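I opened this model to look up how some of its helices pack and where a few chosen residues sit. My entries follow in the order in which I made them.

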Amino acid sequence: MGEQSAATARHARGPVQPPDTGRLVWIDIAKALAIVLVVQYHVATHASAVFAGLSGWAWELWSELAQVLIPVRMPAFFVVSGVLAANALTRRWRDVFRPRYAAILWPFLIWSVLLTVLIALRGADNPWAAILERLPRILQGGDGYWYLSTLVLFFTICRVGRRAPGWLLLGSFILWFFASLVPSVLPDSVPDALAANIYRWASFGMWFVVGAFGRSIVLRIGARPWWDLMVPAVTSFGLCVWLTGRLRESESFSGIPMSKPLSVTGVALLLAVSVLIAKWPAAARLGVYLAARTLPIYVVHAVLVYGVRLVTYEQGWLVQLSGAPNNLIVLLAVPATVMAMVLASTQLADRVAGTPFAWLFTSPGGKARAAPRTA
């Protein structure tokens, strides 16, 4: 009883911490929330390519949510990635090669080829020619899985420049602030995929640098009481969303950029929500479980999304709705689809672990990462 009371007291004071890991659960929950929001975005943006005639307030709600969170999802993902990579920046190259390079680039290459095939087959008269034409895009950072190649790039830059974090932060901040100008200054000769990734590198590098070199600050923020974070985060992000909507309606002020304040306040809100969720043991265990499987969720759900598109819209099997769907059905269908894709991704990863098909997610010669004990 004494041990149970002590554990309860620790839980009441701060976020749950899994045993023997040295990692705060709220960081894993933030990572899990980010990947779930990525899946929600792809489901919401591709649903209209499967169901023709989607309308109603419920559909507009999910579509608008997907658009509003565009400045939030990936910045939050990179902040958390930077925090989790911070300790590896000072390790020897041979010690970080497998976990920070092979373990990421191997699934990036494997699944990029599969996704490239699915994308190239969309309406292609000559599938083989279309596939061969798109394959070089993988070497330019990739299309659907650009986050993985970008993660390796950011880690390398921070690892090389770890003795000058201030300059890295300043340079990445300048790139982030002027990222919208990047497409206009790139030569026309730059391939489309590379140009898109250069824009992404400029947009998201600062967030990884903040997480990597400001790890102690981020963790101190998460150590504060959740209500101390939630009130200003909700207020500031809500104000930015409201102001963005008003500016869209006003022609004279439509050119004022709001993506930057939306990113800052949105990331703060996601971290605050993560600290709050970490208070509930069941939710914390689920967050840790999903965080340990973000890579399978990331790569598998994209194949599922484009696979569904290929056999419906692209093959002429588009579901034509005769009328506006029931709002309640749509309201529940989107999160249900997201949950189904997350479940399929995690189950596939768990089922192939330790089998001859483990290479789908694990580089040759590597060991599959053990599931967290709290899962």
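Before looking at handedness I wrote down the convention, by which a crossing is left-handed if the near helix is turned anticlockwise from the far one by less than a right angle, and right-handed if clockwise. I also noted that what I have here is a predicted model.

Entry 1, the chain as a whole. I counted 17 helices and two strands in the chain. Of its 375 residues, 43% count as buried, and the accessible surface comes to about 19,700 Å², with 66% of that belonging to carbon and sulfur atoms. I then looked at contacts between residues at least 6 apart in sequence, and found that 83% of them join residues at least 24 apart.

Entry 2, H16 and H17. I turned to helix H16, residues 294–311, and helix H17, residues 327–352, which pack with their axes 9 Å apart and at an angle of about 120 degrees. Because of that angle, H16 is oblique to H17. With the convention above in hand, I recorded the crossing of H16 and H17 as right-handed. On the H16 side the contact is made by Pro296, Ile297, Val300, His301, Leu304 and Val305, and on the H17 side by Met341, Val342, Ala344, Ser345, Thr346, Leu348 and Ala349. Sorted by class, the contact of H16 with H17 has 10 nonpolar and three polar residues, and no charged ones.

Entry 3, H2 and H3. Next I looked up helix H2, residues 25–46, against helix H3, residues 57–68, and found an angle of about 130 degrees with the axes 9 Å apart. That angle makes H2 oblique to H3, and the crossing of H2 and H3 is left-handed. From H2 the contact takes in Gln40, Tyr41, Ala44 and Thr45, while H3 brings Trp59, Trp62, Leu65, Ala66 and Gln67. I sorted the residues in the contact of H2 with H3 into six nonpolar and three polar, with no charged residues.

Entry 4, H2 and H15. I stayed with H2 and asked which residues it sets against H15. Val25, Asp28, Ile29, Lys31, Ala32 and Val36 in H2 meet Ala284, Gly287, Val288, Leu290 and Ala291 in H15. The axes of H2 and H15 come within 8 Å and cross at roughly 65 degrees, and the crossing of H2 and H15 is left-handed. The contact of H2 with H15 divides into eight nonpolar residues, one polar and two charged.

Entry 5, Ala284. Having met Ala284 in the contact with H2, I looked at this residue by itself. Ala284 lies in helix H15, residues 281–291, and has a relative accessible area of 3%, so I entered it as buried. I also checked Ala284 against Val25, 259 residues apart from it along the chain, and found their C-alpha atoms separated by 6.5 Å.

Entry 6, Met74. I found Met74 in helix H4, residues 70–85, and asked whether it is buried or exposed. Its relative accessibility is 11%, and therefore Met74 counts as buried. Not counting residues up to four places away in sequence, Met74 touches Val38, Trp146, Tyr147 and Phe204. The C-alpha atoms of Met74 and Trp207 are separated by 9.0 Å, although the two residues are 133 apart along the chain.

Entry 7, Phe208. My last residue was Phe208, which lies in helix H11, residues 192–213. Phe208 has a relative accessible area of 1%, so I entered it as buried too. Leaving aside neighbours within four places in sequence, I listed its contacts as Phe78, Ser81, Gly82, Ala85, Leu151, Phe154, Phe155 and Cys158. For a distance along with these contacts, I took Ser172, 36 residues apart from Phe208 along the chain, and the C-alpha atoms of this pair are separated by 9.3 Å.

How values were computed
Residues numbered from 1 in each chain as written. Predicted model: local features only at pLDDT ≥ 70, side-chain atom pairs only at ≥ 80, totals over all residues. Heavy atoms only, no water. Axes fitted to C-alpha atoms, helices over the stretch in contact; angles between N-to-C directions. Parallel < 35°, antiparallel > 145°, perpendicular 65-115°, else oblique. Contact = heavy atoms within 4.5 Å. Nonpolar A, V, L, I, M, F, W, Y, C, P; charged D, E, K, R; others polar. Buried < 20%, exposed > 50% of the residue type's maximum accessible area, 1.4 Å probe, protein only. Areas by Shrake-Rupley, 256 points an atom, 1.4 Å probe, with all protein chains shown as cover.
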